[in-house]
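Work through the exercises below with the structure at hand. Each task is followed by a solution in steps.

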Amino acid sequence: MTQTIRLRVNGAVREVGVADDELLCDMLRQRLDLTGTKVACREGVCGSCDVLYDGAVVRSCLVLACQADAASVVTVEGLAEDGCLSPLQQAFVETGAVQCGFCTPGMLIAATAALCEASADWDDHEFAEAIAGNLCRCTGYAKIIDAIRQVVATGGTR
Amino acid sequence: MTTVHQSGAPFQVVGERLPKVDAADKVTGRTEYVDDLRFRGLLVARLVRSWEPHARVAAVDASAALAVPGVVAVLSHENIRKIFPALAATYDPACHDFERVEPFAPEPGDASLFDGVARYVGDPVAVVVAETEEAAVEAAGMVDVRYEPRPPVFSTEPEPGSPLLHEGATGNLASSASISHGDCDAAFAAAAAVVGRRFETSKQKQAQMEPTGCVAEVRGGLVTVWSPTQSPHRARHTLAHLFGLPLNRVRVTPPAIGGGFGKGDALTAEPYAVALALFTGRPVKLVYSRTEDFVGTESRHPTASDVEAAFDADGRVMALRGTIIMDAGAYLSHSPRIAIVLAKQLHEMYAIPNVDIEVSVRFTNLPVSGAFRGYGGPQAAFIIEHLIDLGARQLGTDPATARELMLGEAEGHLGVSRTNVIACVQRGRAKLPAPGPAAPGTRRGVGLACVNWKSGIADKPGSFDRSVASVRVNEDATLDVLSGACDLGTGITTTLAQIAAEVFGLNLAAVRVTAADTEATPFDSGAFSSRSLFRAGGAVLIAAEDARSKVLSYAAEVLEADVADLEISDGTVSVVGAPAMSTRLKDLLHRGLMESRDFNGFGDAPSVGARSACAQVAEVEVDTATGQTTVVRLVAVQEVGRAINPTIVEGQIEGGVYQGLGYALAEDVVADKESGALLTGTFMDYRLLTAADGPRIETEIIEMPAEEGPFGAKGVAEPGIILTAAAVANAILDAVGAAPTALPMTAERVLAALRQAASEPRATSIP
């Protein structure tokens, strides 16, 4: 069975026909061609498919597409504005926070949400806790934390 | 946080912390990995995997599967095994010094594309291809496979009468290596101390974030495979042989690669996808689920070793003897080579004078062990580096001092300097000399370990290890660099661009690197053994210098000057000391184009080796009531020759050490002892460390340029992961007087060690 949902994706209103059992990550990747959202485990553990869903971080592999009717979803493709990288994206590039890049979209989504709470006087462990829901196998997380701290220190916001 | 000890050479681009050339695409979601590629008419494949650990596949009934709407074909040993003989997935021309006189002659234990026998739970027995993923998944579950079970082998202990996994492999022995020199008996008899232990290391999974997969397509007589392989040219060679095709009819090209760590150094999904693309005439995608990635791609070899060391009164290891048993899993893969590397890493660096070591690799009905960053190094380091600390503890000497003593005396042994290892040890000790204050109910300790590690494999006579590159000079003074190097996320593409830019005095934006597409790029053995920067970087340097010398000899004609007096800087070629005699590089190149001058450069890296070094110091806090161990600090000092991009180098060290920390504390692929089925087939069961599970890795880079490497650079990728478990074990030993000799060092194991230490405060030897 399929149904048509209406939602906002990266600021634009979209109408999408989806199967009843279709996952949000698959709808984004296959129907909307937003392949920036990565699927590394498909069971909600790794965070690579994280998207902002009405402002909160969710695993898009744990949400049915049909549940997203009337929701507002932001994927990694929606973080840059007018072709300009967000401060966090820019910091990821500059600090070397990106290696293979497969966790990067989810990590950026989680970090973008964390900027709301983060404070410049957080220690390493507090920054680490903010991204502890996202697995990265390449970096050891050090430069990812550096990137987030750099944005927080310069007063950057989401 | 990080210090780079600069060796002081004047460079413009080399040594700069430039952002990676592919990072902007990666942070915006534009980068395409295998599963992101789009094809018209794409079919989706799904493997049918055995639930029996060991069985003859008596019959495969695909009738119900073929009735699922959208299913195109089902292949199994009943219809394709004649076409596809031994899967030579392990054929490895880059390493054939260790084995295989006839590269493609099958050896006992080679994997096959369906040979009618299932050898582990998860071994592919058929493959379904369909119009949609849903249809493929549904049909894969409906393929009716009839098994005739055989008794499984789950133990690496040789047992008389065990069923054989492979005909021709006597007693399930996959491979063996033995090293024997000196007089061990005499050395043990004369020892000031003898320490022996049983060491057990775990089955660590690469667990790269991108699930394994590929797409294969046949068009215009060309088979193209998009695969995150670490060795496109070797993959092409093997696939061409497997399907009876000439090399120029097979193209292997990695899209963006979501991590490798050795996993991509063997074929996995590729042969199935190519078979199906040839069979159907349509593009075929085969992407593994995470669980399939755990079960169906190779892991680090688990080992069980009984090793003892004899020490003199200063803590030198005078003799080492024992047996090491490695679990190969169901197929041969890299096992023979890893056994040799493990054995060498045990004794070569310290030049231990008396050695009797026997390594055997045994087949079991479990998922396959193979290449993983470090390639035998972590297992060896866990044994030898911990034995050194146990010996020193028994003798009351300082273990780091004993290391420096042995390394100093081993200087030049086998043609390798130890000065870089000693430098790393000394800096490591200085950065973390003693533990900080322990919280109530805990104890703290520090532990050190060190290693030297080869860049590439060409330091062994007769080994084949090749990287070729070309540099095209465009008439607008930009460069196209063509290299077979594979960027798994390591940043090699950026580093190669920096090398070429430096040679031409250009900025990074003027250089574009095309890496690893067998249709476009020259031969490269692949991304393994810390070789890409050292070897492919060497080839790019030579190619760029070749191109530069062609440009300069033309400039010498045009400017009527001596070549030796010319320099290129800021896009201008000029005579040194006479700036009026100059030409813009792009004007020169444009004129050269009109005059049919060729400026293309070619580089073939000479077959040479070098060794980088690393020392790690861990500080742990152990809760004496629970055994819970927190690694408080982890310092990694690495000697890299030259840090062409220090940010990239640090990232390699930090990531490697963090993987090593997971090996030390948490990671193990576990199979059910009765069924052989994986118990850790997901990220819920197989625990990767999160950002909150470890300290920030403190890195320090030392530069001791190697004349063999580009601008002195050596390999960086592997030393980090090799030492961490040993350093943590030594820190636990320092904290509580004993440490687990089994990985991972869980709280339970630490507590057991702690209790044992309480009952017998001094380490004792095995009777």
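A residue counts as buried when its relative accessible area is under 20%, and as exposed when that area is over 50%. The model used here is a predicted one.

**Exercise 1. Determine which residues of helix α7 of chain B are buried.**

Solution. Step 1: locate the helix, which spans residues 270-280 of chain B. Step 2: apply the cut-off of under 20%. The residues of α7(B) that turn out buried are Glu270(B), Pro271(B), Tyr272(B), Ala273(B), Val274(B), Ala275(B), Leu276(B) and Ala277(B). Step 3: state the total; eight of the 11 residues are buried, and α7(B) is mostly covered. Step 4: look just past the helix, where Gly281(B) has a positive phi of about 75°.

**Exercise 2. Describe the open sheet of seven strands in chain B and the helices that pack on it.**

Solution. Step 1: write down the strand order, which is β4-β6-β2-β13-β10-β11-β12 (chain B), with mixed pairing. Step 2: find the edges. Strands β4 (71-76) and β12 (250-252) of chain B each pair on one side only. Step 3: give the twist, which averages 20° from one strand to the next.

Step 4: take one pair as an example. Strand β2 (residues 43-49) and strand β6 (residues 124-130) of chain B are antiparallel and share six bridges. Within this pair, Leu47(B) faces Val127(B) of β6(B).

Step 5: add the helices. Helix α6 (residues 232-242) of chain B touches β11 (222-226) and β12 of chain B, and its direction is at about 150° to that of β12(B). Helix α7 of chain B also packs on the sheet; its contacts are with β2, β4, β6, β10 (213-219), β11 and β13 (284-287) of chain B. The direction of α7(B) makes about 30° with that of β10(B).

**Exercise 3. Which way do the residues of strand β19 of chain B point, and which strands pair with β19(B)?**

Solution. Step 1: recall the general pattern: in a regular strand, side chains alternate between the two faces of the sheet. Step 2: compare the strand itself. Leu479(B), Val481(B) and Ser483(B) point one way from β19(B), while Asp480(B) and Leu482(B) point the other way. Step 3: check the cover; five of the five residues in β19(B) (residues 479-483) are buried.

Step 4: identify the partners. Strand β18 (residues 468-473) of chain B runs antiparallel to β19(B), with five bridges; here Arg472(B) has Asp480(B) as its bridge partner. Strand β20 (residues 511-515) of chain B runs parallel to β19(B), also with five bridges; here Leu479(B) is matched with Val511(B). Step 5: examine the hairpin of β18(B) and β19(B). Five residues lie between the strands, and Ala477(B) takes a positive phi near 65°.

**Exercise 4. Is Glu639(B) buried or exposed, and what does its side chain reach?**

Solution. Step 1: place the residue in strand β26 (residues 629-639) of chain B. Step 2: compare its area with the cut-off. The relative accessible area of Glu639(B) is 0%, so the residue is buried. Step 3: list the polar partners. The side chain of Glu639(B) comes to 2.9 Å from the backbone nitrogen of Met704(B), and a polar contact of 2.6 Å joins the side chain to that of Lys714(B). Step 4: widen the view to contacts beyond four places in sequence; among them are Asn420(B), Cys424(B), Arg611(B) and Ile702(B).

**Exercise 5. Classify Ile179(B) as buried or exposed, then name residues it touches.**

Solution. Step 1: Ile179(B) belongs to strand β8 (residues 173-181) of chain B. Step 2: its relative accessible area is 17%, therefore Ile179(B) is buried. Step 3: residues touched by Ile179(B), beyond four places in sequence, include Ala343(B), His347(B) and Val355(B). Step 4: Ile179(B) and Arg321(B) are 142 residues apart in sequence, with 9.4 Å between their C-alpha atoms.

**Exercise 6. What radius of gyration does chain B have, and what would a compact globule have?**

Solution. Step 1: for 767 residues, a compact globule would have a radius near 27 Å. Step 2: chain B has 27 Å, so the values agree. Step 3: the share of buried residues in chain B is 64%. Step 4: of the contacts between residues at least 6 apart in sequence, 81% join residues at least 24 apart.

Technical notes
Residues are numbered from 1 along each chain as its sequence is written. Chains are lettered from A and ligands numbered from 1 in the order in which they are written. This is a predicted model: local features need pLDDT of at least 70, side-chain atom pairs count only at pLDDT 80 or more; totals for chains, interfaces and linings use all residues. Side-chain values use heavy atoms; hydrogens and water are left out. Helices (H or I, at least four residues) and strands (E, at least two) are DSSP runs, numbered from the N terminus. Buried means under 20% relative accessible area, exposed over 50%, partly exposed in between (1.4 Å probe, protein chains only). A polar contact is a pair of N or O atoms within 3.5 Å; within protein, one must be able to donate a hydrogen and the other to accept it, and residues adjacent in sequence count only if both atoms are side-chain atoms. Contact means heavy atoms within 4.5 Å. Two strands pair if DSSP finds at least two bridges between them. Axes are lines fitted to C-alpha atoms, for helices over the stretch in contact, and angles run from 0 to 180 degrees between N-to-C directions. The radius of gyration is taken over C-alpha atoms; the globule rule is 2.2 Å times the number of residues to the power 0.38.
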